[in-house]
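Student: I am new to this structure. Can we go through it in short questions and answers?

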Amino acid sequence: MSEPRLQNQLEYLAYKIGHIGWGYIFMYLDVNLGTIDILPSWAGYLFILSALPVLSEYEKSAALLRNLAILLTGWAVLEWVMTIFGITSAAGSMGTLINIAATIIGVVSIYFHFQMLTNLAEIAGQLGLDERKERLLKLRTVNTILHTVLAIFSSLAFLQAFMWLTLGLALINFVNTLRITICLFGFKSDLLTTE
Amino acid sequence: MSNIWEFLLMTLTGSLAALIIIIIKALLVDKLSPRWQYGIWGLLALRLLLPVAVSGRYILAPFPLLTETLKFTVEKNLDSAYSAAFEPIGSPWFLPLINGHPVSITDWLFAVYVAGIIIFIAGSLISYIRLRLMLRRGSVPAADIQQTISQVCEKHALKACPAVELDGLTSAFVCGIFRPVLVLPAGNVTDEKVILHELLHLKHKDALQSVFWTLFRALHWCNPFMHYIFNQIGNDMEALCDQRVLENLEGEERRDYGQILLSMVNEKYPRAAGTTSISNGGKNIAHRIECITRFKKYPRGMALVSVCIAVMLIQPMFIGTTAAGLQRADLSPSTNDDINLYSNMSALRLNRCTTMAGAIDTYVKGLVTENGLYIAAASPLSSQEELMNQMLASKADGWIYTHLENGLNGEPAQTYSDFATPFSNGYYSVYNLKRVSEGSSLHTGELAIYMEYYRHTEEEIAQGMPVYYEDPETGGWLPAVALYHITLDTEGKHWVVADCSEPEIIIAETISSVSNLAVYDALEPVAVYKGTGLHGNITAPLFTEFFVKQPESGQQNSDFGFWGTAGFNTTPYTNAQFEKVDMSYLVTYDFTGSEEDLEKIYYVTLESMICDSEEDIPDGSGSLDTSGPVSSGPAINQSGGGSSSSGWGYIAESFEEGEIWNGTISDRNVNKFLTYKTEFSDYFRTDTMPEIPLPAALASKCYMPGMETDFIISREVSR
């Protein structure tokens, strides 16, 4: 592979990693105009979906995330539409279906982010960015644990009494997500400055 | 479980849990290791072992409510021995238990179900015994085969077991749990990888696990979906064993292992409890070969996400989501159908009151809103049928089914501004709540519901009386209080209002002060304090008043009742807590001196204070009102009163010249209250009533000019 082409590929990878960074911004930041979230999570997943083919060129297992990304995008669209129409909960069989789907989506989401950050870390390792790899792995681990703990907190009524603890965890989660986003843009920058 | 409904609920809940797991597994099939793929079924096993619907919470779908409604609809017309229409579903034990002879169709269905379990288990047992008997006809393998087994054991650090060769077998298997035997097909050379597979089964006690799953299969024998699930579990167990084999093999050996599996595609599946076999049917083997093609050694980091996913499923699988919800009265006639009532009655059986305060709150709100469902939610199960029939009967009078007459004939106090205390604490309270006897769960109390206006009866109105009772002086409508004697008890883990009397209506004499409501006159005190002084005696009956915690102001709902739109909260809180206990007493000083002394008294003050403990009893010194008559002009029985900052309640009376004091002075004080926000909060952290200790004593000081101040310590003399 010639050097110019390699440089071109790296630039493209950097561009797509930037997409993933934007994906995180869309997923975790909500800016609402009335009931409309103008930074919808589904747009974030679309950014990530667009980056997966490039990631899979470096890490084959990233290709396995495509179907999950489509599923998560679909769910995010549904949530976004429901919020626009002010539907916060549904009763009857529809409510049951949404409950079941939300449980499954929660599990899929945990795995999806874990695997994607693992793949990104592995790619960083392949490109000799060991420090970036370690940082991504650490952030991935913290992200997975935090999301699990927060899911437990939000589902157990008696834990919600510890409001400050829940708020503290939510804040830590926000900071960790911010760090992931910064790390991803840092990764992009690393790739663009790699000679 | 003891009836068909509990089985139905258990198998529906298990099926849903299995469905969720299988969907997640399908989504992550090529992503997580076979260890996770099999291990996640452990959650299902736990789910099947744990009782369902005991708490009324449900797993994502409201099966408890659906099953309860179905049970009620069917059982109300039956006289079943195993289940009752008004007994909620909920068994703490997952194994079936038959009590008595079947009577109804549903009893017989349960009997058939239990018979099916016995037949299923007996069938499995017979298969196993026949297999063991067949093994007796087997022969000891040749020395070279024995050597192969030893080599496999040595190479992979595995423990061997006795081996036999049997004619007519197509593949090897391990049979037995306590005395396992490796069974090999006679006349064929068994590949060492097949032996490795079976010895790995042996190492991980997979035969024992297969017995475990067979027992669950027996319990759900009539649920085809669960059969499918248990087949999947068996397949995942084999796939995990394949993974373990592949982890022990290298390069070409792995490919050879796949070839061996391929050669078994057309073999039959000899499934039997207590055995494990490498060959588990063509379709399953095809799936396992797919797994083998994906084989890889999963990195350690995957353990983290595997565990996190399992943890994420704990809440929906075991803790459940919101309970079915006690449905609030919907006063729209569109809901006036029997099935809706059955569903509501079922919902309330699943959402019974978990605290004493919750039972009181739910019952009171039932009375106030005339909602029979709320009353039923706080009533014993034995009274449910009668309550339901009363509700159904109200339809004939044009009411919707939730209607029950409350007999109040008045409008509950809606706003705090209408009256001073006790209305500032809400529109109801319970006086003198107490345990009937030591160790008993029975409690009694006097429920007081305050009303802004009290109506004349229809007969009185027909005779020309105004709609409301009126103040003779101002013409304003009079407040009233309805007093009910209530008995509270536990029913299992729940609290109920076991009995409630007809209301005693006490109407205020004037509108000017709520204290005109002679509530205390109608009450028996919880204790009486008495003491003797230099010139007189103290008698002080003591009353307690309990208040249930309500949402903060502003959270009142907008129920529409006969009073108009409510300005107070009418939503029942089945798990409410007590918020405050007031302690009030009516202290009376009776002068016992001579008539001559009495004639000299033109001014008298009485101060009193509750003493929590002996240490709190004052020594009699300190301030005392000796300032003389409260009014300089002539006055009869003119009095002043209040309470000092030091906690002393105070009242004074003066008499004009020529007037003679009758020798008695009384004061009512509510200067002792305990709330959950204070150092007494520990008393309120309970599902029952706060056991507030009664005061050690009541200290009183009575001052009469020209006499030594009478300082009296009164002690409790009765309860």
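Tutor: Start with a definition: helices are DSSP runs of H or I with at least four residues, and they are numbered from the N terminus. Keep in mind that this is a predicted model.

Student: Where is A:E59 found?
Tutor: Look at two helices of chain A, helix 2 (41-58) and helix 3 (65-84). A:E59 belongs to neither run. Its place is the loop between helix 2 and helix 3 of chain A.

Student: Is A:E59 buried or exposed?
Tutor: The test counts C-beta neighbours, and a residue with 20 or more of them within 10 Å passes as buried. A:E59 has 20 C-beta neighbours inside 10 Å, so A:E59 counts as buried.

Student: Which residues does A:E59 touch, not counting residues up to four places away in sequence?
Tutor: One partner lies well along the chain: A:I123 is 64 residues apart from A:E59. Even so, their C-alpha atoms are separated by 6.8 Å. With sequence positions up to four places away left out, the residues touched are A:N119, A:E122 and A:I123.

Student: What pattern does chain A follow along the sequence?
Tutor: Chain A has six helices and two strands. Of its 195 residues, 35% are buried. Read along the sequence, the pattern is α-β-β-α-α-α-α-α.

Student: Which helix of chain A gives the most to the side that touches chain B?
Tutor: The contact takes 23 residues from chain A and 22 residues from chain B. On the chain A side, the elements giving two or more residues are helix 4 (92-126) and helix 5 (130-155). With 13 residues, the one that gives the most is helix 4 of chain A.

Student: How many charged residues are on the side of chain A that touches chain B?
Tutor: Sort that side by class. It has 13 nonpolar and 10 polar residues. The number of charged residues is zero: there are no charged residues.

Student: How many residues of domain 1 of chain B are in contact with domain 2 of chain B?
Tutor: Chain B is divided into domain 1 (1-136 + 294-324), domain 2 (333-528) and domain 3 (579-718). Domain 2 brings 11 residues to its contact with domain 1. The domain 1 side divides into eight nonpolar, three polar and two charged residues. Domain 1 brings 13 residues.

Student: Why is helix 1 of chain B called roughly antiparallel to helix 3 of chain B?
Tutor: The axes of helix 1 (residues 4-27) and helix 3 (residues 41-49) of chain B come within 10 Å. Angles over 145 degrees count as roughly antiparallel. These axes cross at roughly 170°, which means that helix 1 and helix 3 of chain B are roughly antiparallel.

Student: Which residues of helix 3 of chain B make the contact with helix 1 of chain B?
Tutor: Helix 1 of chain B contributes B:G14, B:A17, B:A18 and B:I21. By class, the residues of this contact divide into seven nonpolar, one polar and one charged. From helix 3 of chain B come B:W41, B:L43, B:L44, B:R47 and B:L48.

Student: How many residues of helix 14 of chain B are buried?
Tutor: Helix 14 of chain B covers residues 356-369. Its first and last C-alpha atoms are 20 Å apart, close to the 20 Å expected. The helix is mostly covered, and the buried count is 14 of its 14 residues.

Student: Which residue takes a positive phi just after helix 14 of chain B?
Tutor: Look just past the end of helix 14 of chain B. The phi there is about 55°. The residue is B:E370.

Methods:
Residues are numbered from 1 along each chain as its sequence is written. Chains are lettered from A and ligands numbered from 1 in the order in which they are written. This is a predicted model: local features need pLDDT of at least 70, side-chain atom pairs count only at pLDDT 80 or more; totals for chains, interfaces and linings use all residues. Domain bounds come from an automatic or database domain assignment. Two residues are in contact if their C-beta atoms, placed from the backbone, lie within 7 Å. Ala, Val, Leu, Ile, Met, Phe, Trp, Tyr, Cys and Pro count as nonpolar, Asp, Glu, Lys and Arg as charged, and the others, Gly among them, as polar. The expected span of a helix is 1.5 Å times one less than its number of residues. A residue is buried if 20 or more other C-beta atoms lie within 10 Å of its own, exposed if 12 or fewer, and partly exposed in between; C-beta atoms are placed from the backbone. Axes are lines fitted to C-alpha atoms, for helices over the stretch in contact, and angles run from 0 to 180 degrees between N-to-C directions. Angles under 35 degrees count as roughly parallel, over 145 as roughly antiparallel, 65 to 115 as roughly perpendicular and the rest as oblique.
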